[in-house]
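Here are some notes for your reading of this model. Keep the structure open beside them and find each element as you go.

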Amino acid sequence: MANGPASGGRWIEVGPERLAGWLDSFAQRHGQVVAEAPSGGPGGVVPPRQAPSGGPGEVVPPRTGAAVVTFRAEDGAVAQCHVPFPPFPPLPPAGPDAPAADWAERIRAHANADRTVGVLLVRLGGYATGVFTGPAARLVASKVGSRLVHGRSAAGGQSQQRFARRREKQASEALGAAAATAAAVFGAYEGKLDAVVLGGDRRAIAGLRDDARLRPYFGLAVERFLTVPDPRLAVLRTTPGLFRAVRIWLTEPPGPAR
């Protein structure tokens, strides 16, 4: 294995079914690959650690409870796979010495496991909420809606103040409608949801965090946030491909010595 830091880094996303093929291609480009099993606690949960100082080739420090499997190639390239829906299942007897293909299969099986997932997408003026179940992530309940929220006014004086108050009232009503809808859809699956995935606009979602009706569901929210366009049923239906994807922090091999 090559020593020294890799150069740069970037995020990519790979569907769980494509991970084995992607790792094969990674090995073809960079040489023999060795897997580093998740460490630090039961179920392969990686503890938080110090953030990178900004130097080249540093891996991304996972947040509390993150599950990460790291693949290091012969030439120094690193693929740090952040597994969806931690914690990762207990390690097999083979441990980190198992072939990369075996790890890819374990990650695929975990990502596609039989679980019930609630999804809440909110942008100011629109929302979509749904529940997906089973290995096929079948949409079994959903509701979408929209509320008028005017854009900002360029006018000044009292007219602008009246417009701002009206817009604030519209925004509050829109978020209230989104919260009521999510509470009704998720409430039908109370005690059955394994996780909740949030998406849309972060500021709009933040406006719902203090709503008592949604507090239990925010407690189930995963770290991954889905930045999606205007919430519609068609967009909601595509979310399993996003929340099941394996996010990979990819760093290239070391550059030539200076």
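1. Start with Val 117, which stands opposite Ala 195 in β8. The strands concerned are β5, residues 117-123, and β8, residues 195-200; they pair in the parallel sense over six bridges. Bear in mind that this is a predicted model.

2. Next, place this pair in its sheet. β5 and β8 belong to an open sheet of five strands in the order β7-β6-β5-β8-β9, and the pairing in the sheet is mixed. Why is one side of β7 and of β9 left without a neighbour in the sheet? Both β7 (138-146) and β9 (221-226) stand at the edges, and each has a single partner strand, so one side of each has no neighbour there. On average, neighbouring strands of this sheet are turned by 15° against each other, with direction ignored.

3. Now look at another pair. Strand β2, residues 33-36, and strand β3, residues 67-73, run antiparallel and are joined by four bridges. Within this pair, Glu 36 has Thr 70 of β3 opposite.

4. Which residues form the covered face of β2? Val 33 and Ala 35 do, while Val 34 and Glu 36 form the uncovered face. Glu 36, on that uncovered face, is the residue that stands opposite Thr 70.

5. Last, the chain as a whole. The secondary structure comes to seven helices and 10 strands. Of the 258 residues, 45% are buried. Among contacts with a separation of 6 or more, 66% are between residues 24 or more positions apart. The chain exposes about 13500 Å², of which carbon and sulfur atoms supply 51%.

Methods. Residues are numbered from 1 along each chain as its sequence is written. This is a predicted model: local features need pLDDT of at least 70, side-chain atom pairs count only at pLDDT 80 or more; totals for chains, interfaces and linings use all residues. Side-chain values use heavy atoms; hydrogens and water are left out. Two strands pair if DSSP finds at least two bridges between them. Helices (H or I, at least four residues) and strands (E, at least two) are DSSP runs, numbered from the N terminus. Axes are lines fitted to C-alpha atoms, for helices over the stretch in contact, and angles run from 0 to 180 degrees between N-to-C directions. Buried means under 20% relative accessible area, exposed over 50%, partly exposed in between (1.4 Å probe, protein chains only). Contact means heavy atoms within 4.5 Å. Accessible areas come from the Shrake-Rupley method with a 1.4 Å probe; for residues, only the protein chains shown count as cover.
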